[in-house]
Amino acid sequence: MRYKLTFVVGLALGYIIGTRAGRERYEQMKKSAREISQNPAVRNAAESAAQTGRQVAGKALHVVSDKVGDRLPDSMTERIHALRHHNGQVTEDEWGVSNT
């Protein structure tokens with residue numbers, strides 16, 4: 001029983017010490033991530049990548065809807081037609097998700 005108690009006490013101390021060191025390291029990484037995300041160059045690159053992704057997704061939507069649009073269920077076909085005539089305006093769908 002004495003060895004079990006010693007083991008449990010050692011485990012608890014190791015956990016407490018590790019948690020404190022881990023929390024400090026976590027806070028450092030969180031601060032670094034925040035600084036990087038606030039960098040104007042990173043923000044511009046992220047926006048540029050998002051814009052390119054939207055353009056590629058739009059082209060893919062047209063290609064897919066042209067090739068398989070007639071074989072999709074009616075609800076999906078209506079959704080695709082609505083997106084095709086969307087013309088890049090920011091709207092929200094029925095779930096409240098913006099199309100940006």
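# Three helices, questioned

This predicted model shows a protein chain with three helices and zero strands. From the N terminus on, the elements run α-α-α.

Me: How do you know how far to trust the prediction?
Reply: Look at pLDDT, the predictor's confidence in each residue, from 0 to 100. The chain's mean is 76, and 78% of its residues reach 70 or more. Among the elements, helix α2 (residues 40–68) has the highest mean, 85, and helix α3 (residues 74–84) the lowest, 71. Where pLDDT is low, the predicted coordinates should not be read in detail.

Me: Why is Ile17 called exposed?
Reply: Exposed means over 50% relative accessible area. Ile17 has 60% relative accessibility, so the label fits. You'll find Ile17 in helix α1 (residues 2–38).

Me: What makes the nonpolar surface patch?
Reply: Four side chains do it: Leu5, Val9, Leu13 and Ile17, covering about 410 Å². To join a nonpolar patch, side chains have to be within 5 Å, and each residue needs over 30% relative accessible area. Ile17, at 60%, clears that second bar.

Me: How do you know that α2 has about the span expected of it?
Reply: Set the two values side by side. α2 has 29 residues and reaches 41 Å from its first C-alpha to its last, close to the 42 Å expected.

Me: What caps the N-terminal end of α2?
Reply: That's Asn39, with a side-chain oxygen 2.9 Å from the backbone nitrogen of Ala41. The cut-off for a polar contact is 3.5 Å, so this pair falls within it.

Me: Why is the pair Glu47 and Arg54 called a salt bridge?
Reply: The nitrogen and the carboxyl oxygen must be within 4 Å. Here the closest N and O atoms are 3.1 Å apart, so the pair qualifies. The structure holds one salt bridge.

Me: Why are Glu47 and Arg54 called partly exposed?
Reply: Buried means under 20% and exposed over 50%, with partly exposed in between. Glu47 sits at 45%, so the middle label applies, and Arg54, at 32%, gets that label too.

Me: How much of the chain counts as buried?
Reply: Of its 100 residues, 6% do. The accessible surface comes to about 8,800 Å², of which 60% belongs to carbon and sulfur atoms.

Conventions: Residues are numbered from 1 along each chain as its sequence is written. This is a predicted model: local features need pLDDT of at least 70, side-chain atom pairs count only at pLDDT 80 or more; totals for chains, interfaces and linings use all residues. Side-chain values use heavy atoms; hydrogens and water are left out. Helices (H or I, at least four residues) and strands (E, at least two) are DSSP runs, numbered from the N terminus. Patches are made of residues with over 30% relative accessible area and no salt bridge: like charges are joined within 9 Å, nonpolar side chains (Val, Leu, Ile, Met, Phe, Trp, Tyr) within 5 Å. Accessible areas come from the Shrake-Rupley method with a 1.4 Å probe; for residues, only the protein chains shown count as cover. Buried means under 20% relative accessible area, exposed over 50%, partly exposed in between (1.4 Å probe, protein chains only). The expected span of a helix is 1.5 Å times one less than its number of residues. A polar contact is a pair of N or O atoms within 3.5 Å; within protein, one must be able to donate a hydrogen and the other to accept it, and residues adjacent in sequence count only if both atoms are side-chain atoms.
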